[in-house]
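Colleague: Let's go through this model together. Could you put it on screen first?

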2 protein chains.
Amino acid sequence: MSAELKVVFQPSGRTVHVLPGTTVFEAAARAGLLLRAPCGGKGTCRKCRVQITRGIGEPSGACRATFSPDELAQGWRLACQTPVAKSLVVLVPEGSLFEAASKILTDADGMAVTGTPAVQKRFLRLPAPVDTDPVADLARVAREVGHLKAPLPVLRQLPDILRAASFACTITTAGDHLLAIEPGDTTADAPLGVAFDIGTTTLVATLLDLAAGRELAVAATINPQVSFGDDVISRITLAREGDGFVEELRQSVIGACNGLIGELLDETAVPAERILALAVAGNTTMQHLFCGLNPAALGEVPFAPVYARALSFPAPELGLAAHPLAQVYVFPNIGGFVGGDTVSGMLAHRLDKAEKPTLFVDIGTNGEIVLAHQGRLYASSAAAGPAFEGARITCGMRATNGAIEKIVIDDAVHCNVIGDADAAGLCGTALIDAIADLLRLGIIDETGRILGPDEAPGSLAAAVRERIVAVNGDYAFELVPAAASKTGEAIRLYQRDVRELQLASGAIRAGISIMLRKAGLAAGDLDAVLLAGGFGNYIRRENAQRIGLLPDLPVERIRFVGNAASTGAKAVLFARELRDQAEEIARNTEHVDLSMDPEFQMEFGMAMMFPGEFGLAMSLV
Amino acid sequence: MSAELKVVFQPSGRTVHVLPGTTVFEAAARAGLLLRAPCGGKGTCRKCRVQITRGIGEPSGACRATFSPDELAQGWRLACQTPVAKSLVVLVPEGSLFEAASKILTDADGMAVTGTPAVQKRFLRLPAPVDTDPVADLARVAREVGHLKAPLPVLRQLPDILRAASFACTITTAGDHLLAIEPGDTTADAPLGVAFDIGTTTLVATLLDLAAGRELAVAATINPQVSFGDDVISRITLAREGDGFVEELRQSVIGACNGLIGELLDETAVPAERILALAVAGNTTMQHLFCGLNPAALGEVPFAPVYARALSFPAPELGLAAHPLAQVYVFPNIGGFVGGDTVSGMLAHRLDKAEKPTLFVDIGTNGEIVLAHQGRLYASSAAAGPAFEGARITCGMRATNGAIEKIVIDDAVHCNVIGDADAAGLCGTALIDAIADLLRLGIIDETGRILGPDEAPGSLAAAVRERIVAVNGDYAFELVPAAASKTGEAIRLYQRDVRELQLASGAIRAGISIMLRKAGLAAGDLDAVLLAGGFGNYIRRENAQRIGLLPDLPVERIRFVGNAASTGAKAVLFARELRDQAEEIARNTEHVDLSMDPEFQMEFGMAMMFPGEFGLAMSLV
């Protein structure tokens with residue numbers, strides 16, 4: 001094991017341990033801080049500025065070209081051009097964060113997008129009614145802010161509250177709906193929103209201050225529906241057995257979401273009634289189950305969902321802990337297997353406005369692939385399975401404490417473990433790293449077979465060669481010896497783990513190939529590949545290319561865009577106008593059903609093969 | 001007592017007993033059947049055609065001019081030109097009814113108005129999803145009928161019901177809201193609506209078949225809030241004492257409305273779930289209390305209501321027994337004392353489209369007066385008190401069984417009693433009749449004083465003169481001797497009853513005068529006076545003019561338009577487009593606040609004096 005270096009990011013205080021040579025940019029991503037990088041990490045856009053306040057080293061050439069000598073002396077660096085050589089404390093200015101934690105969203109080109117928050121509070125000093133102005137109470141309020149619809153409980157409070165407060169009051173509105181009226185000025189208690197990313201495996205909830213346009217807290221947990229099966233098909237299969245199972249699945253995910261809300265509220269010490277708007281992005285099946293809609297028809301051709309356009313329901317109807325009048329926005333979906341999470345991601349990165357060929361890939365249990373080209377949008381899904389999330393891998397685990405998240409194999413095996421702990425298993429990114437390096441070293445061949453110690457190239461370091469162990473007629477590669485493992489059992493990459501990765505990677509790569517062909521493009525024509533998903537954040541791009549998951553094109557064109565589903569869900573809470581655009585995206589995207597594509601099986605078969613050392617992945621493209 | 005004649009109307013079977021000489025038109029009104037009469041009963045418009053099937057007498061000249069000899073022999077007559085001389089059976093063709101019990105509403109000029117019912121059921125045979133048509137279930141339905149929003153419970157049923165019924169289903173929609181989906185064709189169970197007229201004294205509910213555009217049943221009862229006070233001011237005063245009283249008043253009227261719904265359902269043997277739309281028209285205070293909104297601010301200048309634009313709430317929120325997704329439409333109001341019932345009436349008779357000066361008067365406990373002139377609309381209210389509904393009159397009662405509803409005093413006293421029973425009291429119309437005839441006979445003078453037997457004109461028949469009796473220093477007029485009365489006590493008109501009528505009539509007449517002056521019109525300039533309200537139906541126009549209640553103009557220009565508040569409430573259920581027009585009427589009507597008008601007190605004082613025998617009522621106009 002290599003010595004790991006500690007990197008502390010301020011002002012958040014988030015801390016990670018990384019292998020020497022890891023860039024500050026990558027370390028920040030590991031800490032959940034995605035920095036701006038429209039150049040793809042080439043050091044040319046100069047957006048990822050950070051200030052190193054402890055552990056300052058020599059600046060790189062790109063840093064010298066960017067900052068003045070004074071700034072360099074104060075520790076200012078470009079994160080993507082600064083490798084970690086010792087332990088650091090790094091100050092991250094808000095303006096360098098990718099998901100600008102501000103009301104101002106940025107589109108694919110970094111242009112500012114502003115909008116109206118889903119819920120607003122306003123303090124009004126209204127004139128009291130007099131002879132010459134006998135207008136009705138509700139109309140008196142509406143005169144200041146535009147037409148208002150008031151639900152009965154609020155309307156009933158209206159006259160008393162207005163008069164008790166001498167017509168100085170605070171109104172809370174969602175569009176033209178009056179959600180609350182309070183005496184005096186209560187705008188200091190900002191309205192809050194919660195954005196949910198409902199993944200097949202992982203649930204993420206973000207608490208938002210809708211007035212300031214900032215994130216207050218994030219919480220994540222496993223989707224407890226995994227106990228019913230780890231992919232969408234298993235959930236659909238269960239749902240087909242009866243509405244009782246749909247209700248069980250619904251309660252399971254809603255219960256977990258309420259748990260996340262509870263965490264967010266505990267962390268920020270506010271009551272649930274302050275949550276006034278919610279947005280939910282998930283794949284079609286997840287959104288169906290979240291709403292208690294039976295996804296049975298998604299289990300058979302032609303995979304017809306129950307709904308397509310966006311939905312909106314009061315939080316209590318869905319069973320969510322929030323203000324009783326809070327509305328929950330559920331993203332529109334594109335098709336049976338291209339859902340609201342994809343629409344959300346497309347919205348977050350404005351694929352509808354992309355001017356050059358852009359590929360968007362959300363790598364999850366269900367992988368979604370979107371291609372924007374010449375004003376047209378194509379979307380498809382590929383069932384990658386949960387291998388990238390560490391499942392179905394012998395020593396796999398989620399990217400939590402104890403998971404190896406990065407592996408470098410050269411003349412030794414270097415592992416970086418989350419939480420600076422003993423390794424308990426490996427997560428998806430490390431799986432890719434390991435297989436990529438084993439391909440480079442010739443320990444795994446193009447068919448995916450792990451070679452025996454005698455078959456492996458002679459150039460191999462002895463310390464590496466001895467990691468190859470025979471297991472039941474196949475070979476495995478030992479990443480962590482039993483003595484160094486937390487569990488006391490060796491952490492190994494087995495032959496069948498390589499097969500699982502070949503299936504997962506092949507499904508996505510075949511999807512990409514078919515999409516490119518559909519648009520008449522070669523991989524090299526792509527201006528950008530946007531990698532989304534919690535997993536996408538941490539992937540080593542060269543390694544993803546080495547295993548054939550991502551197409552062969554200059555690595556700087558591959559950009560991390562973070563949890564795009566969450567970003568879009570936050571976006572529609574910060575700017576409700578974007579809901580119309582989400583609808584438009586969903587309507588205008590052509591759904592490419594890979595299962596219906598006669599060439600998919602052939603592409604899939606080829607994409608499961610690893611690319612040659614210097615070559616492209618095999619493809620019909 | 002004169003012998004009364006029985007008139008049976010078919011096909012309804014409604015039966016009334018009337019004094020000889022009463023027209024068939026008036027008898028029909030008494031039976032609740034308002035016939036068409038754009039000419040005002042002059043026999044020129046020929047709309048009030050009826051067929052007398054038993055008791056056929058000689059036809060009048062107007063009837064001879066209208067019908068062929070064969071038709072005359074078959075009993076066809078104009079109802080307004082046919083006095084009742086013997087007991088009759090009368091067949092009323094649907095086309096002769098004023099409130100056309102059909103989807104086709106008519107405007108002031110008799111033009112047909114058609115529209116979209118508030119709720120519609122449609123049977124759809126949808127194509128099942130196939131490879132080439134994988135569209136979502138909700139979109140599949142919406143493709144046939146336009147965009148649909150589905151509440152959660154309906155959306156949850158959607159996939160199962162569609163598939164159970166092989167995609168042949170019946171949808172129930174309210175605008176773009178999907179209220180229900182059922183397997184197969186259930187359109188035979190038409191969607192029903194209930195139109196409420198929420199009067200200060202009387203509640204009327206009408207059950208409607210929204211598919212056929214017909215009335216199915218009508219039920220009425222006393223507004224139980226009268227136990228808290230018989231006018232709106234008393235209710236407001238109570239509400240000012242606290243929200244608990246508002247809730248008590250709300251429960252009281254909602255309970256009674258549910259009682260009416262129960263009657264309607266019993267009569268038609270349908271379940272409450274069939275009621276899918278409701279509409280409520282009442283004065284501003286009544287609508288506030290119906291919704292549980294505190295009308296306290298209506299109790300003081302400047303009488304600001306809680307809301308002005310129309311409201312819509314789910315029936316369960318208001319506590320009404322109907323389908324859980326049924327929406328209750330509550331009319332917009334114009335001002336603190338000109339409410340949704342007036343807007344409803346104006347809509348029903350399209351005052352917004354009146355081309356000639358038109359006065360609309362709804363005579364109730366709170367009288368509303370609307371004037372349409374040159375595209376402008378003026379509305380005001382006058383607190384008439386409940387005298388016209390029989391309250392505050394010594395022997396007064398509502399127009400129910402046992403009430404004298406018509407009185408003729410010539411050389412004797414002729415009374416017509418509702419239900420062919422012994423008289424128990426007199427209702428508002430009879431009060432006007434009695435005072436008008438006593439004015440004509442000189443027994444009451446212009447100041448309203450009942451003269452003693454010695455002061456009264458010498459021409460008086462002895463049988464009439466002996467009805468004048470001295471009571472506590474004043475005089476009273478005995479309408480029914482104790483021996484002929486149901487209660488065993490004489491039914492008399494007392495001096496203070498005349499004063500009550502002077503107050504009630506004067507308030508309305510003063511309002512009319514001020515409205516006319518506002519528009520620069522004399523009474524004779526009016527093209528039409530539309531008399532609305534349950535009471536307005538039965539009034540004798542000449543008598544109403546004699547006491548000064550209605551302005552002096554040719555009697556045929558005064559037309560009965562029935563319960564206009566109910567008509568408008570039905571209209572918005574039969575044609576939801578009319579809701580926009582109701583909003584426009586409410587917004588465009590100028591509210592004339594009589595209490596703010598410096599000349600109102602003077603007008604009121606003068607209007608309380610009765611007109612001279614041949615003269616006009618005193619007025620500044």
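**Two copies, one axis**

Colleague: Which residue of chain A comes closest to the rotation axis?

Modeller: Residues count from 1 along each chain as its sequence is written, and chains are lettered from A and ligands numbered from 1 in the order written. This is a predicted model: local features need pLDDT (the predictor's confidence in each residue, from 0 to 100) of at least 70, side-chain atom pairs need 80 or more, and totals for chains, interfaces and linings use all residues. The axis comes from a least-squares superposition on the C-alpha atoms of residues with pLDDT of at least 70 in both copies. At 7.0 Å, taken at C-alpha, the closest residue of chain A is A:P314.

Colleague: What kind of axis relates the two copies?

Modeller: Chain A lies on chain B with an RMSD of 0.1 Å after a turn of 180°. The shift along the axis is 0.0 Å. The copies are thus related as by a two-fold rotation axis.

Colleague: How much of the contact surface of chain A recurs in chain B?

Modeller: Two residues are in contact if their C-beta atoms, placed from the backbone, lie within 7 Å. The same surface serves both copies. The share of chain A contact residues that recur in chain B is 100%.

**Fold and confidence**

Colleague: What is the radius of gyration of chain A?

Modeller: Chain A has 18 helices and 28 strands. These are DSSP runs, H or I of at least four residues for helices and E of at least two for strands, numbered from the N terminus. The globule rule (2.2 Å times the number of residues to the power 0.38, with the radius taken over C-alpha atoms) gives 25 Å for 621 residues. Chain A is close to that, so it is as compact as a globular protein of that length, at 26 Å.

Colleague: Which stretches of chain A have a pLDDT below 50?

Modeller: The mean for chain A is 90, and 95% of its residues reach 70 or more. One stretch below 50 is residues 100-112, with 28 contacts beyond near neighbours in sequence. Another, with 22 such contacts, is residues 615-621.

**A sheet and a buried residue**

Colleague: Which are the edge strands of the sheet β13-β12-β11-β14-β16-β15 in chain B?

Modeller: This is an open sheet of 6 strands with mixed pairing. Strands pair if DSSP finds at least two bridges between them. Inside the sheet, β11 (192-198) and β14 (275-282) of chain B run parallel over 7 bridges. Pairing on one side only marks the edges, β13 (214-222) and β15 (311-314) of chain B.

Colleague: Which residue in β14(B) stands opposite B:F196?

Modeller: Opposite partners are set by the bridges, and B:F196 has its partner in β14(B). That partner is B:V280.

Colleague: Is B:I547 buried or exposed?

Modeller: B:I547 sits in the loop between α14 (541-546) and β27 (558-562) of chain B. Beyond four places in sequence, B:I547 touches residues including B:I432, B:L501 and B:F610. Buried takes 20 or more other C-beta atoms within 10 Å, exposed 12 or fewer, and partly exposed lies in between, with C-beta atoms placed from the backbone. With 27 such neighbours, B:I547 counts as buried.

Colleague: How far apart in space are B:I547 and B:I435?

Modeller: In sequence, B:I547 and B:I435 are 112 residues apart. In space, their C-alpha distance is 7.2 Å.
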